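This tour proceeds by selection, from one enclosed space to the next and then to the ligand. Please open the structure in a viewer before continuing.

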Amino acid sequence: MDDVVVIGAGIGGLTLGLMLTEKGIPVRLYEAAERISPIGVGISILPHASQQLCDLGLREALTRAGIVAQESCFYTRFGQLVHKEPLGLYAGYDVPQVQVHRGDLQALLLEAFVARAGEGRVITGHRCVRVEDGADHAVAHFVDPEGRALPPVTGRAVIAADGIHSVVRAQLFPAEGGPIYSGVNMWRGISRWKPFLTGASYVRAGWLSLGKMVIYPIRDNIDGKGTQLINWVAEIETPEHNQQDWNRRGRLSDFIGAFEDWHFDFLDVPAMIRAADAVLEYPMVDKDPLPQWSFGRLTLLGDAAHPMYPRGSNGAGQAILDARALADALAEFADVPEALQAYERARLAATARVVETNRTTPPDVILKIVHERSGDRPFERLEDIVSPEELAAVSNNYKKVAGYDRSMLRRGA
Ligand SMILES: Cc1cc2nc3c(=O)[nH]c(=O)nc-3n(C[C@H](O)[C@H](O)[C@H](O)COP(=O)(O)OP(=O)(O)OC[C@H]3O[C@@H](n4cnc5c(N)ncnc54)[C@H](O)[C@@H]3O)c2cc1C
């Protein structure tokens, strides 16, 4: 049997590699980077995705690498608590919700894939430049890091898991254009800091017009004295932005002013921001949902298929769910184009709803409601402006759309 060829050894590509290997379907991953190094900052693995990783036998590795989340908390920019709810195991799920450094997650997936599939199945230094569909196989064309053509690779299917700037998507949809800017720019960093709140809390605060923050720990006790790595993201509405590049350096002076007086009783936000080793800047972008992902033996997966705003912690999670659906379909249907159609049916509309909901009503709309109704002033009594039920409904609706409402997950993982 020809191998399945996966383009991109990011979170989606590696998870697909593991799932296909588990099903006995041979797979090779071709990655543009010369070396897989820990790039990125924090990501959250919500229960729907965590269940898939637990099913792959990665529960222990995942919880060891990251922090098992306990609670999600929403605050105003004055440090007033607006809404709080338990997460993952603490909310009665069978699986943990985990906050982890993207690089740590990628490394553990890579290690598991190499251990299970064998050496030589992740081929680095291969940048895909073009794909071709054929009657009984598909072909991917690559260049090396110097831009020299490499021998083409054939597979029974070619899966493009090559991220938000997917060259395969650009080939399949040449008129589409680049990512669409949301009007919100983001600055991200990681600070070494002492634990706050439960030591495993996911905090969102403020609102986008004046400055919003997302703050959560991603690695515990890094120095034997209890210090954590704290992942933070500052989001501010602004018409200006640079082109998206995960490694672009940002300037503290461009955004720190919005948070200068955020001295909460549990966290000195500006001091924590200043403690970061480096600041990365990138715009909040997504793309409109596509009408089609699968073309014969070619298909798209993860950010290549459905880049979304990171407002619901779902980028990695939806890539992992795609991998599950695609591996199941390739195992079920002997005919590859039929399998890729079944995968598309299972995932295209579902992920389009997440893209859309991340634009309109992601969980942080809780902060918008309070910001607007309080006139951006400290409130006396929260219940005078909003009921706990209304806020909980925002959160619960998002869980249903994204697929991690507790009633939607299988018990006993
Ligand atoms: C360097 C980097 C840093 C990131 N940092 C964060 C972060 O801090 N927080 C966050 O929430 N999300 C981050 N993301 C995005 C997040 O990983 C994805 O939204 C999510 O995990 C979906 O995964 P994916 O596999 O679809 O895409 P990605 O994880 O983006 O993986 C795509 C992979 O494809 C490779 N690739 C790209 N083009 C080609 C090509 N032409 N040929 C071969 N390989 C190619 C890339 O090098 C990458 O390894 C980052 C992505 C990258 C690539």
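**The second largest cavity**

The model shown is predicted. Begin with the second largest cavity, which holds about 100 Å³ of space. Select Thr 76, Arg 77, Leu 367, His 371 and Asp 376: of the 13 residues lining this cavity, these are the closest to its centre. Next, colour β14 and α9 (365–373), each of which supplies at least two residues of the lining. The greatest contribution is made by α9, with three residues. Classified by residue type, the lining of the second largest cavity comprises six nonpolar, four polar and three charged residues.

**The largest cavity**

The structure contains three cavities of 30 Å³ or more. Turn now to the largest cavity, with a volume of about 130 Å³. Its lining consists of 14 residues, and Ser 72, Leu 87, Gln 97, Arg 204 and Tyr 404 are the closest to the centre. To see the elements that give two or more residues to this lining, select β5 (71–75), β14 (201–207) and α10 (388–402). Keep β14 highlighted, as this strand contributes to the lining of the largest cavity and also to that of the second largest cavity. The lining of the largest cavity divides into six nonpolar, five polar and three charged residues.

**The second largest pocket**

Leave the cavities and move to the second largest pocket, whose volume is about 350 Å³. Which residues lie nearest the centre of this pocket? Select Gly 40, Val 41, His 101, Ile 190 and Asp 277, which hold that position among the 17 lining residues. Two elements, β13 (180–193) and β17 (276–286), give two or more residues to the lining of this pocket. The largest share, five residues, comes from β13. By class, the lining of the second largest pocket has seven nonpolar, five polar and five charged residues.

**The ligand and its shell**

Retain Val 41 from the pocket selection, for Val 41 is also one of the residues closest to the ligand. The others named as closest are Gly 12, Glu 31, Arg 102 and Asp 303, within a shell of 30 residues. Display α1 (11–22), β3 (42–45), β9 (127–132) and α7 (315–332); each supplies at least two residues of this shell. The shell around the ligand comprises 14 nonpolar, 10 polar and six charged residues.

Three individual distances merit inspection. At Gly 12, a polar backbone atom is 2.7 Å from an oxygen atom of the ligand. At Gly 42, a backbone N or O atom lies 3.3 Å from a nitrogen atom of the ligand. At Arg 188, select the side chain, where an N or O atom is 3.3 Å from a nitrogen atom of the ligand. The ligand taken alone exposes 900 Å², of which the protein buries 88%.

**The annotated segments**

Finally, select residues 3–172 and 292–356. An unreviewed UniProt entry annotates these two ranges as "domain: FAD-binding". Restrict the view to residues 292–356, where the chain is 60% helix and 5% strand. The end C-alpha atoms of this segment are 17 Å apart.

Technical notes: Residues are numbered from 1 along each chain as its sequence is written. This is a predicted model: local features need pLDDT of at least 70, side-chain atom pairs count only at pLDDT 80 or more; totals for chains, interfaces and linings use all residues. Side-chain values use heavy atoms; hydrogens and water are left out. On a 1 Å grid over the protein atoms alone, a cavity is a set of points where a 1.4 Å probe fits but cannot get out, and a pocket is an open set with protein on both sides within 12 Å along at least five of seven lines; lining residues have an atom within 4 Å of a point. Grid points are joined across faces, edges and corners, and a volume is the space filled by probe spheres set on the points. Helices (H or I, at least four residues) and strands (E, at least two) are DSSP runs, numbered from the N terminus. Ala, Val, Leu, Ile, Met, Phe, Trp, Tyr, Cys and Pro count as nonpolar, Asp, Glu, Lys and Arg as charged, and the others, Gly among them, as polar. A residue is near a molecule or strand if one of its heavy atoms lies within 4 Å of it. A polar contact is a pair of N or O atoms within 3.5 Å; within protein, one must be able to donate a hydrogen and the other to accept it, and residues adjacent in sequence count only if both atoms are side-chain atoms. Accessible areas come from the Shrake-Rupley method with a 1.4 Å probe; for residues, only the protein chains shown count as cover. UniProt positions are given in the numbering used here, feature names are shortened, and annotations may be inferred rather than shown by experiment.
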